[in-house]
Amino acid sequence: MAIAATAPAQAFSLFGIHLWGEREDQEAGFEIIDPLAYDVQFVVTGGDGGLEAQLKNASGLWAGRDKPASGVGGLLSRSRGDYRRLLAALYNQAYYGPEISIRLAGQEAADLTLDARLPRPTPVVVAIRPGPRFKFGQAVIVNPPPREVAEDDEVDNDLGDDFRTGADANAAIVAAASSTAIERWRQLSRAKARETDRSVTADHPTSKLDVVITLDPGRPARFGRTSVSGTQRVDPGFVAYMADLTPGDSFDPDRVKAAEDRLARLGVFSSIRVEEAPEIAPDGTLDMAVRLQDGTARTLGVGATLSTIEGAGVEAFWEHRNLFHRAERLRFSASVTGLGVVGDVGDFDYEAGVTFTRPGVINPNVDFFASLTGRRLDLDTYREESLTARFGLQRTYARWLNGEISAFATRARFDDFFGIRRFLMFGVTGKGTYDRRDDVMDPTRGYYLAAEAEPFYEAEYGNAAARGTLEGRIYHGFGEERRFVLAARAKAGSFVGPSDRESPPDKLFFAGGAGSIRGYAYRSVGVDYTEPDGDTGVVGGRSLVEGSGEARFRINDRFGAVGFVDAGFVSASSSFTSDDTDVRVGAGAGLRYFTGLGPIRLDVATPINPRDDDDVVAFYVGIGQAF
């Protein structure tokens, strides 16, 4: 017997509407006391080329084919559940007149009872005739939202070409059209917009599906009172201030999402929910409730990096995230690198610092920070001992746009090609980032832009100088799951100031290392300098150009592979042109092991045009993609 409906007494949803039964599709969890193995075969007659794979993905019988069922009852449960799962999958591909037959040892599963006798293993044949693919006849939304919404609203500006007469009538498109239209009404302050009716009629002779969705926009709403519950450690008044849902302002779901993001950035809560009151009050206000769960106030963390050129590195931090009950953060950090490649402990690279951050100092989007950092670096090109004090403001302008301005003072001692020199610097740093990546640790689409400008005055030699950089990254994933990703990075920087002899080396440009040109030692690529007496050495440059390209392929859920090329040059000219320009290229491949915290990275690189003292191969280990 072939049927075109689900077995009775099961959960079923159509076009996003739950009709009857339990909402969970999962089989009841019970011990397999009578394991019954089975062999399943799919026979799909008709439909497009990818339909069989989609039906297999929806099938519980197919997913569990390597696991025995719990006797006849367990196999019947899987089979009868597949009627509704396969029907929903067919509807989602616009097939509304299918025939579905699931036969166990030649008998239709819907006709069998628990006392049925089945062979072991049981042959299972799933036969599907999808029938014709339906197109939309009518595709109507009654009381639709205006066609245009504000540019900064986080919702599709158009319902698109999917929900229209003549398009494939996928069930998912109907649900998406309704939810998108409701969200657009909500963007117009209609907080309680809802669907009141949905008429769906399938005309089988013409293979047309007529859909009429009726919406009730409701009345406009304004934010009302914001209540706070659940936190025992953070001042509730401060939480309401940081949520920034000002009473009397027009309701905006983007502001609700921004409130959740802002509270999450505080780092003091393990759970955050901002909920709307069930109804709009008679005066047009809608009360909001912030429900929280406190997280750990104190955190201890460690990390590590590894490179055959730069050696192993270890870093650790301790942070208090709620110092004075308003999410103030105090962070102590320390790191050491060069382990394994430097024999003398005194030649390791060290850095230690303390940072204090107070959020919401001017408005909820502005944080104040102050830091003190000391470091000692022993690089191929120079040695540095420095102490830097910095204070400033960080601001989040939007979910993707951030800015920072700070003042700093640095006392430093350098030992390089020009000998031992001391500098005292006072300056201002301005930074901005625009981040539209889908994932910071493992991006598969989007782009990232960063800019930095730093004018400063150096008191020992009495010079003014300025330094600036601009960086861009872009990512493009292919396929529905984006398992293959092309990634590219470009960076440029320029320095304007006094002669090399009177310029701090850390403000000049060098290239090389894991985040620059792989295959070359960290900050080892600079400008060849020759003294009048014939002495030669490498010093920092006045401009920098770098670029990287990666092809990333995800092999399975755990492992991935990467091929990459890095290139760049450091120039003695601030305008990126010089006869001394020497482009360095590194290339290699890598493996990725994907974890819940991000991919663990192992890269192997070699310099394509090495210098005499460059290693033939370099290994890098870290967390997250290279860029």
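Buried means under 20% relative accessible area, and partly exposed residues lie between that value and 50%. The exercises below use this cut-off on a predicted model.

**Exercise 1. Classify the two rings of the pair Phe223 and Phe251, and say where each lies in the chain.**

Step 1. Phe251 has a relative accessible area of 1%, which is under 20%, so Phe251 is buried.

Step 2. Phe223 has a relative accessibility of 0% and therefore also counts as buried.

Step 3. The geometry comes next. A pair of aromatic rings is described by the distance of the centres and the angle of the planes. For Phe223 and Phe251 the centres are 5.6 Å apart and the planes make an angle of 55°, and the pair is tilted.

Step 4. Phe223 belongs to strand β12 (residues 222-229), while Phe251 sits in the loop between α5 (236-243) and α6 (253-265). The two residues are 28 residues apart, and their pair links distant parts of the chain.

**Exercise 2. Are Phe478 and Phe484 buried or partly exposed, and what kind of aromatic pair do they form?**

Step 1. The ring centres of Phe478 and Phe484 are 5.6 Å apart, with 35° between the planes, and this pair is tilted.

Step 2. Phe478 has 39% relative accessibility, so it counts as partly exposed. Phe484, at 34%, is partly exposed as well.

Step 3. For context, the structure holds 19 aromatic pairs. Ring pairs also join Tyr382, Phe414, Phe423, Tyr461 and Phe510 into a cluster.

Step 4. Charged side chains meet rings too. Arg331 lies over the face of Phe317, at 3.8 Å from the ring centre. The charged end of Lys507 is placed over the ring of Phe456, 5.7 Å from its centre.

**Exercise 3. Describe the surroundings of Arg584.**

Step 1. Arg584 is in strand β30, which spans residues 584-595.

Step 2. The relative accessible area of Arg584 is 11%, so this charged residue is buried.

Step 3. Look for polar partners. The side chains of Arg584 and Asp582 are joined by a polar contact of 2.4 Å. A polar atom of the Arg584 side chain also lies 2.7 Å from the backbone oxygen of Asn609.

Step 4. Leaving out residues up to four places away in sequence, Arg584 touches Ile517, Tyr520, Val525, Asp566, Ala567, Gly568, Asn609, Pro610 and Arg611. Asn609 thus appears both in this list and as the owner of the backbone oxygen in step 3.

**Exercise 4. Contrast Arg584 with Ile420: is Ile420 buried or partly exposed, and which residues does it touch?**

Step 1. Ile420 is found in strand β22 (residues 419-435).

Step 2. With a relative accessible area of 48%, Ile420 is partly exposed, whereas Arg584 is buried.

Step 3. Beyond four places in sequence, Ile420 touches Arg413, Phe414 and Asp415. Phe414 is also a member of the ring cluster in Exercise 2.

Step 4. Glu384 is 36 residues from Ile420 along the chain, and the C-alpha atoms of the two are separated by 9.9 Å.

**Exercise 5. Which residues touch the most other members of the largest nonpolar core, and which element gives the most to this core?**

Step 1. The largest nonpolar core has 49 residues, and Leu55, Ile102, Leu104, Val126, Phe136 and Phe163 touch the most other members.

Step 2. Elements that each supply at least two residues include β4 (38-44), α1 (51-58), β6 (99-104) and β8 (122-129). Helix α3 gives the most, with nine residues.

Step 3. Take Leu55 as an example. Apart from neighbours within four places in sequence, Leu55 is in contact with Phe42, Val44, Leu86, Ala89, Leu90 and Ile128.

Step 4. A second, separate core has 24 residues, among them Phe223, Leu245, Leu263 and Ile280. Phe223 is the ring from Exercise 1.

**Exercise 6. What is the strand order of the open sheet that contains β4, and which strands stand at its edges?**

Step 1. The four strands are ordered β4-β8-β6-β7, and the pairing is mixed.

Step 2. β4 and β7 (107-108) each have a single partner strand, so they stand at the edges, and one side of each lacks a neighbour in the sheet.

Step 3. β4 and β8 pair in the parallel sense over seven bridges. One bridge links Asp39 to Pro123 in β8.

How values were computed
Residues numbered from 1 in each chain as written. Predicted model: local features only at pLDDT ≥ 70, side-chain atom pairs only at ≥ 80, totals over all residues. Heavy atoms only, no water. Buried < 20%, exposed > 50% of the residue type's maximum accessible area, 1.4 Å probe, protein only. Polar contact = N/O pair within 3.5 Å; in protein donor to acceptor, adjacent residues only side chain to side chain. Contact = heavy atoms within 4.5 Å. Core = buried A, V, L, I, M, F, W, Y, C linked by side-chain atoms within 4.5 Å. Phe/Tyr/Trp six-rings, centres within 6.5 Å; stacked < 30°, edge-to-face > 60°. Lys NZ or Arg CZ within 6 Å of the ring centre and 35° of its normal. Pairing = 2+ DSSP bridges.
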